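Let us walk through this structure step by step, beginning with one helix and what surrounds it, and then stepping back to the chain as a whole.

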Amino acid sequence: MACRISELVIDCADPEQLAVFWSEVLGYVELGREADGSIEIGPPGVGFGGPQPTLVLSPGGDPRPGRKLRLHIDVSPTDRDQDAELARLLALGARPVDIGQTGAEDWHVLADPEGNEFCLLRTRLQPR
């Protein structure tokens, strides 16, 4: 028996804003809200326990400014090339981040509206 990732929990200052952002990025929908203000989003019609992990955006009181997260999300385009997906993500509120890239990388480092870094990879995946 093995484990698989069922959900990723992201502490944030504004769960509502990040739920909207990541739902648009991933094509997810809101699955539920908790009394503590957490919002869970996931694939439409599947939800928790499906082949893709859900995201839980949880209000966190310790944003640790200036500290790099030890975990980040990588996303890959599904229905367009990397350049078109980069334009879409920037229009949604992502912003480029310089972490010392050389310019030869085949991915883009971005930050979500709260500054959480994630990478847009070049490899195009089949939608699920």
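In this predicted model, a good place to start is helix α2, whose buried residues pack against α1 (15-26), β5 (73-75), β7 (108-111) and β8 (117-120). The residues of α2 (residues 82-92) that are buried are Gln82, Glu85, Leu86 and Leu89, where buried means that under 20% of the relative accessible area remains. They cover an arc of only 105° around the axis, which means that they lie on the same side of α2. The spacing behind such a pattern is a general one: an α-helix has 3.6 residues a turn, so residues three or four places apart point the same way. Turning to the face of α2 that points away from its buried side, we find the exposed residues Asp83 and Ala91.

Stepping back from this helix, we can count two helices and eight strands in the chain, and, when they are read from the N terminus on, their order is β-α-β-β-β-β-α-β-β-β.

The overall form can be examined in a similar way. A compact globule of 128 residues would have a radius of gyration near 14 Å, and because the chain has 15 Å, the two values agree. The C-alpha trace spans about 45 × 35 × 35 Å along its principal axes. Among the contacts with a separation of 6 or more, 54% join residues 24 or more positions apart.

Finally, consider the inside and the surface: buried residues make up 31% of the 128 residues, while the chain exposes about 8,200 Å², of which carbon and sulfur atoms supply 52%. The chain has 12 positive and 21 negative charges, and the mean positions of these two groups are 5 Å apart.

Terms used
Residues are numbered from 1 along each chain as its sequence is written. This is a predicted model: local features need pLDDT of at least 70, side-chain atom pairs count only at pLDDT 80 or more; totals for chains, interfaces and linings use all residues. Side-chain values use heavy atoms; hydrogens and water are left out. Helices (H or I, at least four residues) and strands (E, at least two) are DSSP runs, numbered from the N terminus. The radius of gyration is taken over C-alpha atoms; the globule rule is 2.2 Å times the number of residues to the power 0.38. Buried means under 20% relative accessible area, exposed over 50%, partly exposed in between (1.4 Å probe, protein chains only). Contact means heavy atoms within 4.5 Å. Accessible areas come from the Shrake-Rupley method with a 1.4 Å probe; for residues, only the protein chains shown count as cover. Lys and Arg count as positive and Asp and Glu as negative; His and the chain ends are not counted. The place of a charge is taken as NZ of Lys, CZ of Arg, CG of Asp or CD of Glu. The arc is that of the directions from the helix axis to the C-beta atoms.
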